[in-house]
Amino acid sequence: MYLFLHRKDLRARQLRAFAALKKRAMPGLHALILDPALLDERLTAPGGGTFLAAAARLVREYEAGGQTLQLLYGPPQEVVGALLEAHPISGIVAHRDDTPYARRRDEAIAEVAQRHDVPWVLLDDASLAELDDFQRSTGRDEPYKVFTPFYRKWQAYLHAHYAPAAEVGVEALDTVGAPDAAVARRYAPPRAVADALADAAREATGPEEDLAQFISSGRLHRYAGHRDDFANEQATSRLSRHLNTGALAVKTVYEAVQNERGAEAWVRQLAWRDFYLYQARYHEDFFHYERRYDLSRLSDRHYEAWERGTTGIPIVDAAMKQIAETGEMPNRLRMVSAMFLTKNLLCPFTLGEQYFRRQLADYDNAQNRGGWLWSASLGYDASPYFRVMNPQTQSARYDPSGTYIRRWLPELRDLSDRDIHRPRPDAIVDLKDSRQWAIEVYKDILR
């Protein structure tokens with residue numbers, strides 16, 4: 001019997017591990033361990049809701065395939081240890097994750113597996129390109145640090161070496177029923193988690209439907225020209241939450257858009273996604289890059305105003321109202337609000353990064369960190385320190401009529417199309433002065 005652990009792969013087909021496990025032709029115990037270290041603080045947050053909705057859908061998919069998924073709650077290494085004690089497990093399989101917590105978690109599981117003399121196997125599944133094979137194919141001693149050459153090589157690699165998504169579904173496997181009764185009781189999800197899971201199960205649409213709608217509606221075809229139209233809620237794919245929980249395989253979406261008009265611009269975003277996953281794996285500084293610099297000239301003086309959406313800069317405040325109420329924010333405005341916090345307000349990017357972690361419905365550690373490093377002009381291939389987006393200009397350029405601001409700041413709805421983008425009289429900083437000061441400060445930081 002093998003043990004398979006779901007993590008960021010909350011779907012019941014097209015998993016790399018399933019293809020490997022089918023070849024083994026042996027029964028398996030499939031489990032999703034609800035990790036309190038990750039879930040408890042986000043249980044009622046938008047990102048927690050996204051995860052739980054995907055988990056509930058995964059349970060239904062197993063049931064539809066005539067198979068069983070065990071939902072257990074507790075520290076993963078402890079739960080795995082209990083399962084190894086209770087069952088004749090001869091191997092453990094999961095998909096790899098390169099975030100700092102995931103590495104510590106998997107090291108702990110590896111130690112438990114070693115004590116029981118059980119093999120512990122991690123497979124790549126999250127990225128479109130198989131990262132280790134991709135890196136070997138480059139012939140480089142050092143990993144890429146700049147996106148453009150990475151992207152060129154990434155395109156060439158996929159053209160030459162792309163392996164289609166494995167079509168194996170859970171119905172082709174042989175999962176065992178309930179685990180040992182004592183283990184099931186000891187690690188049963190607590191009432192609060194069970195209730196939240198039941199609530200999340202009511203989500204209306206699934207990832208496949210959202211992907212099909214993105215293509216059939218023409219949004220993919222229009223993506224290149226409209227992706228920054230942040231007032232239009234249907235301008236982008238809205239698939240990021242499904243990709244980040246693994247409810248939708250990245251290979252599934254890549255294959256679905258092939259030969260579709262307008263696909264190239266959107267597939268480039270998948271390359272950025274792989275680029276940040278690549279950074280997470282190959283650059284040790286990625287998750288603590290801020291330690292390389294003296295950031296003492298930055299402070300949290302204006303952070304609360306930014307988080308509350310009371311800076312007096314309409315587009316920033318509107319964006320912060322949206323994320324607070326819905327857990328969503330258009331990508332263009334993520335860049336604008338992040339750069340405003342780090343540059344104009346001279347706050348450490350880690351404060352904003354942590355807030356987005358708590359609030360984003362489509363939160364992913366590597367993608368979130370990559371975006372914040374870019375905005376703060378830190379990390380690899382970041383925005384130049386002298387680039388400071390002007391929120392007023394961005395707002396007027398991409399939403400001339402101010403529709404987005406009127407939606408989220410109704411108290412400003414009566415302003416003219418010109419005035420609605422301008423800083424309010426009580427704005428906490430002057431955009432021009434704060435930009436110049438930010439350039440001087442970041443020049444000194446990066447010296």
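T252 belongs to helix α13, which spans residues 250-257. In this predicted model, T252 has a relative accessible area of 19%, under the 20% limit, and is therefore buried. Apart from neighbours within four places in sequence, T252 is in contact with Q14 and L211.

L29 is a second buried residue, with a relative accessibility of 0%. It sits in strand β2, residues 28-34. Leaving aside neighbours within four places in sequence, the contacts of L29 include M1, Y2, L3 and F4. Further contacts of L29 are made with Q70, L83 and H87, and also with V176, G177 and P179. L29 and P179 are 150 residues apart along the chain, and their C-alpha atoms are separated by 7.8 Å.

**Helix α19 and its surroundings**

Helix α19 covers residues 365-375, and nine of its eleven residues are buried, so the helix is largely enclosed by the rest of the structure. The buried residues are A366, Q367, N368, R369, G370, W372, L373, W374 and S375. Several other helices help to cover them, including α12 (240-245), α14 (263-282) and α15 (303-308). Also among the covering elements are α17 (331-344) and α18 (349-359).

At the N-terminal end of α19, D364 acts as a cap: one of its side-chain oxygens lies 3.2 Å from the backbone nitrogen of A366. Just after α19 comes S377, with a positive phi of about 60°.

**Two residues with positive phi**

S377 is a residue other than glycine with a positive phi, and so is A25, where phi is near 50°. Both lie in loops: S377 between α19 and α20 (391-398), and A25 between α1 (16-24) and β2. Their accessibility falls into opposite classes. S377 is buried, with a relative accessible area of 6%, whereas A25 is exposed, with a relative accessible area of 69%.

**Packing of α17 and α22**

Helix α17, one of the elements covering α19, also packs with helix α22 (residues 431-445). The angle of this packing is about 70° and the axes are 8 Å apart. Angles of 65 to 115 degrees count as roughly perpendicular, and α17 and α22 are therefore roughly perpendicular to each other. On the α17 side, the contact is made by F340, T342, K343 and N344. On the α22 side, the residues are L431, S434, R435, A438 and Y442. By class, this contact has four nonpolar, three polar and two charged residues.

**Aromatic pairs**

The count of aromatic pairs comes to 30. A pair of aromatic rings is described by the distance of the centres and the angle of the planes. Two of the pairs are set out below.

| Pair | Distance of centres | Angle of planes | Arrangement |
|---|---|---|---|
| Y289 and Y293 | 5.9 Å | 40° | tilted |
| Y385 and F386 | 5.3 Å | 80° | edge-to-face |

With its planes at 40°, the pair of Y289 and Y293 is tilted. Y289 is buried at 5% relative accessibility, while Y293 is partly exposed, with a relative accessible area of 22%.

For Y385 and F386, the planes stand at 80°, so this pair is edge-to-face; angles over 60 degrees fall in that class. Y385 is partly exposed, with a relative accessible area of 24%. F386 is also partly exposed, with a relative accessible area of 48%.

Technical notes: Residues numbered from 1 in each chain as written. Heavy atoms only, no water. Buried < 20%, exposed > 50% of the residue type's maximum accessible area, 1.4 Å probe, protein only. Helix = DSSP H or I, 4+ residues; strand = E, 2+ residues; numbered from the N terminus. Contact = heavy atoms within 4.5 Å. Polar contact = N/O pair within 3.5 Å; in protein donor to acceptor, adjacent residues only side chain to side chain. Axes fitted to C-alpha atoms, helices over the stretch in contact; angles between N-to-C directions. Parallel < 35°, antiparallel > 145°, perpendicular 65-115°, else oblique. Nonpolar A, V, L, I, M, F, W, Y, C, P; charged D, E, K, R; others polar. Phe/Tyr/Trp six-rings, centres within 6.5 Å; stacked < 30°, edge-to-face > 60°.
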